[in-house]
Amino acid sequence: MESWLIKNVTVVTMDDERHVVPNADLVIEGASISGIWPTGRAPAAQGRQTLDATGMVAIPGLINAHTHCAMTLLRGYADDMPLMPWLKERIWPFEMKLREEDVYWGTLLGIAEMIRAGVTCFNDMYHHFEATARAVVDTGMRAVVSGVLLGFLPNADELLDVAIAFAEQWKDKGDGRLVTMLGPHAPYTVADKFLARVIEGARAAQVGIHIHVSETRGEVEDSLRDFSKTPVARLAQLGLLDVQPVLAAHCVHITDDDIAILAAKRVGISHCPGSNMKLSSGVAPVPKLLDAGAVVGLGTDGAASNNNLDMLEEVRLAALLHKLEGKDPTLVPAYQALEMATRGSARALGIDDRVGQIKPGMKADIALLDFQQPHLFPRHDVVSHLVYAARAGDVRTVFINGRPVMRDGALLSLDEREIYRQVGERLTRLI
Ligand SMILES: [Zn+2]
């Protein structure tokens with residue numbers, strides 16, 4: 001069993017007491033965190049590897065609660081357009097040409113980017129989802145993977161059967177790093193009858209559901225016209241929100257009744273401020289959701305609408321956006337923003353029993369940031385720095401499931417040059 005001692009580090013635990021522990025020794029045994037000790041006090045053990053983390057800050061690995069990882073292939077391909085023409089004229093036609101291996105290499109590119117940014121888990125919905133799952137298992141990453149289901153495709157029913165079989169077969173692969181779900185794209189792309197089959201499939205496979213909900217005003221207006229209900233009310237009536245867990249991405253245009261439903265059903269919400277700002281979708285009522293006790297995590301969405309997978313940037317956007325929108329600088333304070341990207345996302349995905357905090361018994365998913373830098377001095381408040389001053393480039397070392405996947409800025413399970421070569425070659429066919 002591999003064992004690590006991370007020496008003399010400041011630990012931001014994100015635990016119930018909000019402990020920030022300076023001068024600590026963090027011990028990892030196998031896949032899990034076994035203890036946090038005052039430096040020099042950890043009991044000795046044979047064969048333990050030591051990492052001197054003087055000047056570093058350890059945080060629970062960031063959890064990207066909503067993305068489409070292989071959309072890195074479309075980064076910068078279509079910008080500055082409204083959501084529907086963007087999807088219909090640019091994104092969907094490109095995606096129809098994608099093959100399994102394109103998604104594999106696009107996912108590797110996204111995983112490389114995320115690990116470099118201290119992200120240790122992502123929640124994905126995409127085409128050729130087995131390739132996504134393979135990339136996760138191959139790289140030591142942690143992820144929740146669901147196949148995207150679009151009800152209007154001629155082979156939609158067949159794809160649903162494939163997605164259910166995938167969810168059953170790939171569940172817990174990669175030493176438990178892989179979680180599977182079903183991914184009906186959005187209420188406006190799937191009919192009630194199809195959603196009923198999805199719910200039945202999720203129940204049978206004992207997996208959750210990942211879906212986009214109320215991202216644009218137009219989507220909600222159409223739902224009110226066609227169903228006399230908001231998308232949230234419609235999903236609740238169909239019984240979809242009773243599946244555990246449900247991850248609803250965006251939830252921008254929601255009513256007070258919707259908020260009450262989402263909170264009561266413990267639906268996980270992925271707030272995606274960067275994507276919502278870029279597509280001008282609107283501002284999700286996050287302070288209201290949090291006040292109502294809803295479970296809110298944070299996600300980047302795909303790289304075509306962000307255009308990066310940098311979760312520290314997303315944390316900062318979440319902290320800033322609501323202050324501006326609510327004309328109140330006390331809204332979404334630093335700790336709450338960082339909590340959304342760690343424990344919040346873990347709760348939203350139903351994996352908070354294993355990740356989201358640094359404490360004994362939790363899986364060792366940890367990012368170490370180098371705080372010996374001008375933009376992180378002086379250290380009045382470590383959490384404030386993480387939210388308002390730190391950058392992805394400050395992340396130096398990352399552990400996932402007890403294993404180092406990046407050390408001193410070098411990725412250990414990914415060959416970046418080969419990724420660039422593969423992606424470059426594939427794009428000559430795709431565009
Ligand atoms: Zn999305």
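This report looks at a zinc site and a parallel sheet in a predicted model.

**The zinc site**

Four protein residues act as donors to the zinc ion: His-66, His-68 and His-212, each through NE2, plus Asp-301 through OD, at 2.1 to 2.4 Å from the metal. Along the sequence, the donors follow the pattern H-x1-H-x143-H-x88-D. His-212 and Asp-301 tie together distant parts of the chain, sitting 89 residues apart. His-212 belongs to strand S10 (residues 208–213), while Asp-301 is in the loop that runs between strand S13 (295–298) and helix H11 (311–325).

What about the geometry? The angles subtended by the 4 donor atoms around the zinc ion run from 86 to 173°, so the arrangement counts as irregular.

Two of the donors also have accessibility values, and both fall under the 20% cut-off for buried:

| Residue | Relative accessible area | Class |
|---|---|---|
| His-212 | 7% | buried |
| Asp-301 | 5% | buried |

**The sheet**

Now for the strands. Eight of them form an open sheet with parallel pairing, in the order S6-S7-S8-S9-S10-S11-S12-S13. Which strands sit at the edges? They are S6 (62–67) and S13, each of which pairs on one side only. Going from one strand to the next, the twist averages 25°.

At the S13 end, the neighbour is S12 (residues 268–271), and these two strands pair in the parallel sense over 4 bridges. Within that pairing, Gly-268 has Val-295 in S13 as its bridge partner.

The sheet and the metal site share some pieces: S10 is one of the sheet strands, and S10 carries the zinc donor His-212.

Key: Residues numbered from 1 in each chain as written. Predicted model: local features only at pLDDT ≥ 70, side-chain atom pairs only at ≥ 80, totals over all residues. Heavy atoms only, no water. Donors = N, O, S within 2.8 Å, 3.2 Å for Na, K, Ca; no water. Tetrahedral: all angles 85-135°; square planar, octahedral: opposite > 155°, others 65-115°. Buried < 20%, exposed > 50% of the residue type's maximum accessible area, 1.4 Å probe, protein only. Pairing = 2+ DSSP bridges. Axes fitted to C-alpha atoms, helices over the stretch in contact; angles between N-to-C directions.
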